[in-house]
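Trainee: Please take a close look at the charged side chains of this model and how they pair, and then set that part beside the remaining features.

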Amino acid sequence: MRQEGGFGTPIESIAVLVEMFQKSKDFIQFSLPGSPQITISFFRTMINEETLHRDVLPHVPADVSSLVDLQIALPIEAMELTRNIEQISSKVLNGYAMIEDGSDTCLLIAICNKEGRQIATAEIEYNVVGPQEAFVELIDINLNMLRRRLPTPYLCVEELEIGTLSHTRVAVVFIDGIANQDNIKHVTDKLKNIEIDHIQDSSYVIRMIEDNPNSLFPQAINTERPDRVAGVLAEGKIAVLVNGSPFAITLPTTLVEFFSTSEDYNLPWIMASTFRLLRLFSVLFSMLATPLYVAVLTYHYELIPKELLRTLIASRSTIPFPPVIEALFLEVVIELLREAGARLPSKVALTVGIVGGIVIGQAAVEASLTSNILIIIVALSALSSFTTPIYKIGNTIRLTRFPLILSAQFLGMFGIVCFSLFMLTHLVRAQSLGRPYLAPFYPTRISDWKDSFVRMPISSFFSRPITARARYNKRFDKHVVDKHKSKPKNDFTD
């Protein structure tokens, strides 16, 4: 049975609101000195007590008689008079002090305590070259970092509140005049239609606004790097910031973007393109190496050279299990080590990963549970999956290995091809914010290939990506750049 005055009770007056606040031990209420009819209320854990005792209480006139006179006397800019109960409740719960005189109007004073984690280096999307700072949990600090990178009056921020309990601030950030209006409306409409009581992280928002929540492939990038978000906004895309989350959401996105890093744009284009192709090869190897091992050893011995076949037969001569059991056993062990390492403190996790991998691998070979060759293949597959710069696409790659292994067991190479075609069909149909997920390859946009699996010189990025549907597509004048790149005249020649 619900306690009277608890959740769901309508709040119809300031007195009822104060009565509900008084159930909490950290809610403070007292009369102002010299004016017993005027009271000040606040949550002790949400305000800055130094600001209260320095800028509020010493400046209260001894003969104050109204909230308007008090508002004029206090040397604080962020104050407002209101009688809106929802606004009063929201402001007080976010660190405002409430001053009332018994009427239906309150004076709200901003004395919030904005303590939070200091700006630090990026840990998940770490770069060697380029900016190092990362987002924090406070949305105002995150917006400050974006505005410092894009000091333009066209940078717009639209704020919403989501969650009947958490009232989480969510900011939609875009560049007016560049971002597509349909994309902005699509995002804001989806955010406004979210019905939930509590938002804990930006991942909650992604799950509720993505086009296909049942897909293993992420349809929005969550990044901790302000420089990456600034670059995305300059392309005409949209970013979503959630208060309490150190990750920003960028969309619409494509599959190609999950294999690019901010560091790619700080390196010469040949090096950047090489590293991107290396990541692509690593992903394909990570997904297909173990399934190919199972398929070849189960159905297609004729594909193995004779010299290598002798080594494989000698390696598996004492193993009582078929290749699929052997492969699944090692894959599960690798996932257990990875999960254990992610949940333990960093110093302990490093020890568990190294010692656990060596001990378990050696013991598995000596106990004839697996072969040396498969240990090498699985270890390289796990290592290759770490090359993806976005964590969530790495999880997708890890999970897709298991159905590929089972397909290889039942149908061999044909099973791998069938599951790969099924996955490709899913990607062709997938969308991000209503835009094709496989762009610029499907549909074909050749002009966007210059920043796909290879990264051409930045001087060639004279137009924004077609997939962003930017309202203003031109980034700079190509002819001016070509003119400056031409060989200068030598005035010292005859």
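Mentor: At 28% relative accessibility, D189 counts as partly exposed, whereas K185 is exposed, with a relative accessible area of 52%. The side chains of D189 and K185 meet in a salt bridge, with 2.8 Å from N to O. Both residues belong to helix 6, which spans residues 181–192, and they stand four residues apart, about one turn of that helix. The model is a predicted one, and the values below are to be read accordingly.

In general terms, side chains of opposite charge can pair when their charged atoms come close. In this structure the count comes to 22 salt bridges, and D189 with K185 is one of the pairs.

A second pair joins separate elements. R169 forms a salt bridge with D140, and their closest N and O atoms are 2.9 Å apart. R169 lies in strand 7 (residues 168–175) and D140 in helix 5 (residues 139–149), so the salt bridge ties together parts that are 29 residues apart in sequence. R169 is partly exposed, with a relative accessible area of 23%; D140 is also partly exposed, with a value of 37%.

A third pair has both partners buried. D264 forms a salt bridge with R276, the closest N and O atoms being 2.9 Å apart. This pair links distant parts of the chain: D264 is in the loop between strand 10 (248–251) and helix 9 (269–299), and R276 is in helix 9, with their positions twelve residues apart in sequence. The relative accessible area of D264 is 1%, so D264 is buried. R276 likewise counts as buried, because its relative accessibility is 2%.

Charged side chains also join in a larger arrangement. E331, E335, R338, R398 and R401 are linked in a network of salt bridges.

R435 offers a contrast to these pairs. R435 has its place in strand 12 (residues 435–436). R435 is buried yet has no salt bridge. The nearest side chain of opposite charge is that of D182, 5.0 Å away, and a salt bridge requires the nitrogen and the carboxyl oxygen to be within 4 Å. The side chain of R435 does make a polar contact, at 3.0 Å, with the side chain of N183.

The cysteines can be described briefly. The structure holds zero disulfides. C106 is in no disulfide, and the nearest cysteine sulfur, that of C112, is 16 Å away. C106 counts as buried, because its relative accessibility is 0%. C156, by comparison, is partly exposed, with a relative accessible area of 23%.

Finally, the surface also carries nonpolar side chains. V417, L421, L424, V428 and Y442 form a nonpolar patch there, with about 440 Å² of accessible area together. Of these residues, V428 lies in helix 15 (residues 413–429). V428 counts as partly exposed, because its relative accessibility is 32%.

Taken together, the pairs differ in setting: D189 and K185 sit within helix 6, R169 and D140 tie a strand to a helix, and D264 and R276 link a loop to helix 9. R435 remains a buried residue without a salt bridge, although its side chain has a polar contact with that of N183.

Technical notes:
Residues numbered from 1 in each chain as written. Predicted model: local features only at pLDDT ≥ 70, side-chain atom pairs only at ≥ 80, totals over all residues. Heavy atoms only, no water. Patch = residues over 30% accessible without salt bridge, like charges linked within 9 Å, V, L, I, M, F, W, Y side chains within 5 Å. Areas by Shrake-Rupley, 256 points an atom, 1.4 Å probe, with all protein chains shown as cover. Helix = DSSP H or I, 4+ residues; strand = E, 2+ residues; numbered from the N terminus. Buried < 20%, exposed > 50% of the residue type's maximum accessible area, 1.4 Å probe, protein only. Disulfide = S-S within 2.5 Å. Lys, Arg positive; Asp, Glu negative; His and termini not counted. Polar contact = N/O pair within 3.5 Å; in protein donor to acceptor, adjacent residues only side chain to side chain.
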